[in-house]
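Hi there,

Here is the structure I promised to pass on. Have a look at it first, and my notes follow below.

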Amino acid sequence: MTVVSVTDIAAGLTDAWRPVDLAIANDAIVRLARLEGAYDWHHHEEDELFLCWDGAFRIELEGSAPISLERGDMFVVRAGVEHRPVADAPAYTLVIEKPETEQRS
């Protein structure tokens with residue numbers, strides 16, 4: 001058992017869109033990512049949970065209004081929904097998903 005300092009790890013992230021695996025619990029993995037700019041449109045075969053750790057970003061959803069997240073806000077993108085995270089300034093998110101989750105364009 002190890003204590004993970006999300007704050008310290010976030011401070012060390014310099015590359016956007018390169019998540020770092022923090023922990024595995026049951027069938028889920030917790031990843032931390034720095035967001036900056038827009039990611040590609042994609043979908044997953046599983047749900048994907050976003051928790052805004054710091055900053056602010058939005059999740060654009062095909063056919064729906066964007067979801068804006070600020071520090072402490074959480075949103076689940078349901079399986080199969082086309083989406084893309086967009087951050088106008090650097091932001092950090094914890095993502096909870098299955099370890100084998102892949103982006104599908």
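Please keep in mind that this is a predicted model. I would start at Leu61, which touches Trp41, Ile67, Phe75, Val77, Val81, Glu82 and His83, leaving out residues up to four places away in sequence.

Leu61 also belongs to the largest nonpolar core, a set of twelve residues. Its other members include Ala33, Leu35, Phe50, Phe57, Ile59 and Val95, and Val77 from the contact list above is in the core too. Two or more residues come from each of E2, E3, strand E4 (56–61) and strand E7 (83–97). A second, separate core has seven residues, among them Ala10, Leu22, Leu32 and Leu94. As general background, nonpolar side chains in soluble globular proteins tend to be buried together.

Next, Ile9, which sits in helix H1. With a relative accessibility of 28%, Ile9 is partly exposed; a core residue has to be buried, under 20%, so Ile9 does not qualify as one. Beyond its neighbours within four places in sequence, Ile9 contacts Val4, Val20, Leu22 and Leu32. Ile9 and Ala33 are 24 residues apart in sequence, with their C-alpha atoms 9.7 Å apart.

Finally, the aromatics: there are two aromatic pairs. Trp17 and Tyr39 make a tilted one, with 5.1 Å between centres and 40° between planes. Trp17 is in the loop between helix H1 (6–12) and strand E1 (20–25), and Tyr39 in the loop between strands E2 (28–38) and E3 (48–54), so this pair ties together parts 22 residues apart in sequence. Both are partly exposed, Trp17 at 22% relative accessible area and Tyr39 at 25%.

Best wishes

Definitions and conventions
Residues numbered from 1 in each chain as written. Predicted model: local features only at pLDDT ≥ 70, side-chain atom pairs only at ≥ 80, totals over all residues. Heavy atoms only, no water. Phe/Tyr/Trp six-rings, centres within 6.5 Å; stacked < 30°, edge-to-face > 60°. Helix = DSSP H or I, 4+ residues; strand = E, 2+ residues; numbered from the N terminus. Buried < 20%, exposed > 50% of the residue type's maximum accessible area, 1.4 Å probe, protein only. Core = buried A, V, L, I, M, F, W, Y, C linked by side-chain atoms within 4.5 Å. Contact = heavy atoms within 4.5 Å.
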